[in-house]
Amino acid sequence: MKDYLAETASQTAGPYVHIGLAPQAAGFNIFEKNFSHVLTNSHTQGERIVVEGRVFDGSGTPVRDVLLEVWQANAAGRYNHPADRQNDKKLDEDFRGWGRTCSDFDSGVWRFDTIKPGAVVGRDGRLMAPHLNLWIVARGINIGLNTRMYFSDEQEANETDPVLNLIEWEVRRNTLIGKREQRGTEIVYTFDIYLQGEKETVFFDV
Amino acid sequence: MSQIWQPRELVHRDYDSHPPAFAPGYKTSVLRSPRNALISLQNSLSEITGPIFGAKDLDPLDNDLIMNYAKDGLPIGERIIVHGYVRDGFGRPMKNTLVEVWQANAGGRYRHKKDKYLAPIDPNFGGCGRVLTDENGYYFFRTIKPGPYPWRNQASDWRPSHIHFSLSGESFAQRLITQMYFEGDPLIRQCPIVKTINNDDAIRTLIAELDTHAAVPLDCLAYRFDLVLRGQRATLFENRTQGAV
């Protein structure tokens, strides 16, 4: 073991994480190019969706200083990364698959503007249900929390998803399903995250 | 059909070198830590891939915190270089990793609309920067050494001087946020956030050392801070089940 290097220890992102990762949310402009919660441009392939929610603490209070990142496949179910060799699926040059968002300081609502991902091949060669990979940091969170959002209108795929089926407490699987609704012209999936308590979201050690 | 499984699975995370989620000495963690155990996944493509960043995402001055917000002069404080290498657990350089940093100014005041500490804002200091590691995993910043600041945990708690670091790695499962401290700071051993880590070796890896060899004479001092992300191991034997080619 001594030949291997230990991973650098995690520390909380703290209440001012926005300064470094989203300076405009902290209240100032510094970089010419900013990362954002919008993953698409006008050429991106796929169904436009909004993913929106709040993060709640153990008392049911919205966490207003949270920062989330999303990582997802494109509409064909392929990640924009060289380790993804699903060569039968087309890469989309107009989709990096990554975005960053912060909750509103008053309401606690966060949002991504993205596309619905296709299904990705899992370890055993079978398809995983379409999903978003989410990473959550904030004051009071000592190490970033990983979770997944699945889609309420993919019930059949969800039932055979290898990761959802790892969760032996079937009642907890529902905490990973984003609920689809039409809101005006937008398709919105609502995904609230509960850090602690009765409705606690499933978090993964990836 | 394409080959679907690549030999890039990550070595599992060693939680002995990380803080637990629930660490009551750091009060905010009490209501923001899950009560259930994490559910462990074997890596799929969703975990071993992650966003790729390139030079086009950044501007050349982004890693110079002394100049990147200077309006009518230079910021006040100790001029320093912070530099080092990002490697994985096998010692391999982590190339093209996005390193983002943020910090308070020399007096311990953050440029953030929620920071009401009475120490003043420095009009010439923003407090954030970013850079991509090169082919050797090397990165460097230039900045002002941040001051300690008080915070509402126990009423007398002060954070040691620190710089927040965020690293992207090559895969989403390597994503890491941490904090860098400065050699010799007596506040380190009193800090409830440092002490969420129950492992002295792990704490030592967060303390940057004074590096006079990298200092620029009559200009600025330097600190050396190396970081390690989780290793990706080669698959020596591959299991191919039916359906996977």
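Helices (H or I, at least four residues) and strands (E, at least two) are DSSP runs, numbered from the N terminus. The legends below concern a predicted model, in which local features need pLDDT of at least 70 and side-chain atom pairs count only at pLDDT 80 or more, while totals for chains, interfaces and linings use all residues. Residues are numbered from 1 along each chain as its sequence is written, chains are lettered from A and ligands numbered from 1 in the order in which they are written, and side-chain values use heavy atoms, with hydrogens and water left out.

**View 1. Surroundings of B:Tyr117 in the loop between β3 and β4 of chain B.** Contact means heavy atoms within 4.5 Å. Apart from neighbours within four places in sequence, B:Tyr117 is in contact with B:Gly107, B:Gly108, B:Arg109, B:Tyr149, B:Pro150 and B:Trp158. From B:Tyr117 to B:Asp59 the separation is 58 residues in sequence and 31 Å in space, C-alpha to C-alpha.

**View 2. The contact between chain B and chain A, to which chain B gives 94 residues and chain A gives 82 residues.** The two chains bury about 7,900 Å² between them, 59% of it on carbon and sulfur atoms. Buried area is the accessible area (1.4 Å probe) that two parts lose on being put together, summed over both. On the side of chain B, the residues that lose the most area to chain A are B:Arg32, B:Ile39 and B:Phe172, together 11% of what that side buries.

**View 3. Polar and charged pairs between chain B and chain A, with eight salt bridges among the two chains.** A salt bridge is a side-chain nitrogen of Lys or Arg within 4 Å of a carboxyl oxygen of Asp or Glu. One of them joins A:Asp65 to B:Arg32, with the closest N and O atoms 2.9 Å apart. There are 46 residue pairs in polar contact between chain B and chain A (both at pLDDT 80 or more). A polar contact is a pair of N or O atoms within 3.5 Å; within protein, one must be able to donate a hydrogen and the other to accept it, and residues adjacent in sequence count only if both atoms are side-chain atoms. Within the side of chain B that touches chain A, β9(B) provides the largest share, five residues.

**View 4. A:Ser103 in the loop between β3 (98-102) and β4 (109-115) of chain A.** A:Ser103 is buried, at 5% relative accessibility. Buried means under 20% relative accessible area, exposed over 50%, and partly exposed in between (1.4 Å probe, protein chains only). The side chain of A:Ser103 reaches the backbone oxygen of A:Arg64 at 2.9 Å, and a polar atom of this side chain lies 3.5 Å from the backbone oxygen of A:Val63. Contacts of A:Ser103 beyond four places in sequence include A:Asp65, A:Val66 and A:Trp110.

**View 5. Two residues of chain B with positive phi, B:Asn96 and B:Leu218.** B:Asn96, in the loop between β2 and β3 of chain B, has a phi near 60° although it is a residue other than glycine. B:Asn96 is partly exposed, at 36% relative accessibility. B:Leu218, likewise not a glycine, has a phi of about 60° and is found in the loop between β10 (207-210) and β11 (221-224) of chain B. With a relative accessible area of 95%, B:Leu218 is exposed.
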